[in-house]
Amino acid sequence: MINQVAYFLAFIPTYRNVLRDSRNEPTKPWLLWTIAFVLNVIALTLQPRTQLMDYVSPVIYLVHHGAITVLSLRKPQPLPAEA
């Protein structure tokens, strides 16, 4: 669980970067990682001996990568005109 806190903190600059300008983060790599974590969760579901704790990391990673994917899809704001 401590690793999950560190993972969350490591994502703060990425969130800040993509919120500032969606063009700062390419969508395709984030989408591929999101799909990979979806498949990871599906694989865990198919295993006969899965515990709840097995889902913690993949689900948290899925949420973070999915959020960056969605944020990177936003329409870029026009750049402010320089005087």
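These are my notebook entries on a predicted model.

**Ground rules.** I number residues from 1 along each chain as its sequence is written. The model is predicted, so I take local features only at pLDDT of at least 70 and side-chain atom pairs only at pLDDT 80 or more, while totals for chains, interfaces and linings use all residues, and side-chain values use heavy atoms, without hydrogens and water.

**Helix H2.** I looked up its length first. H2 covers residues 27-46 (helices are DSSP runs of H or I, at least four residues, numbered from the N terminus). Its 20 residues should span 28 Å, at 1.5 Å times one less than the number of residues. The end C-alpha atoms lie 29 Å apart, which agrees.

Next I checked which residues of H2 are buried (under 20% relative accessible area, 1.4 Å probe, protein chains only; exposed is over 50%). They are Trp30, Thr34, Phe37, Val41 and Leu44. Seen down the axis, they fall within an arc of 80° (directions from the axis to the C-beta atoms), so they line one face. The face turned away carries exposed Lys28, Leu32, Leu39 and Leu46. The buried residues pack against H1 (2-20) and H3 (56-72).

**Proline 58.** I found this residue in helix H3. It counts as buried at 7% relative accessibility. Proline 58 touches Phe37, Asn40, Val41 and Leu44 (heavy atoms within 4.5 Å), leaving out residues up to four places away in sequence.

**Core.** I then looked up the largest nonpolar core (buried Ala, Val, Leu, Ile, Met, Phe, Trp, Tyr and Cys joined through side-chain atoms within 4.5 Å). Its six residues are Phe11, Tyr15, Val18, Trp30, Ile68 and Leu71. H1 gives the largest share, three residues.

Terms used: Helix = DSSP H or I, 4+ residues; strand = E, 2+ residues; numbered from the N terminus.
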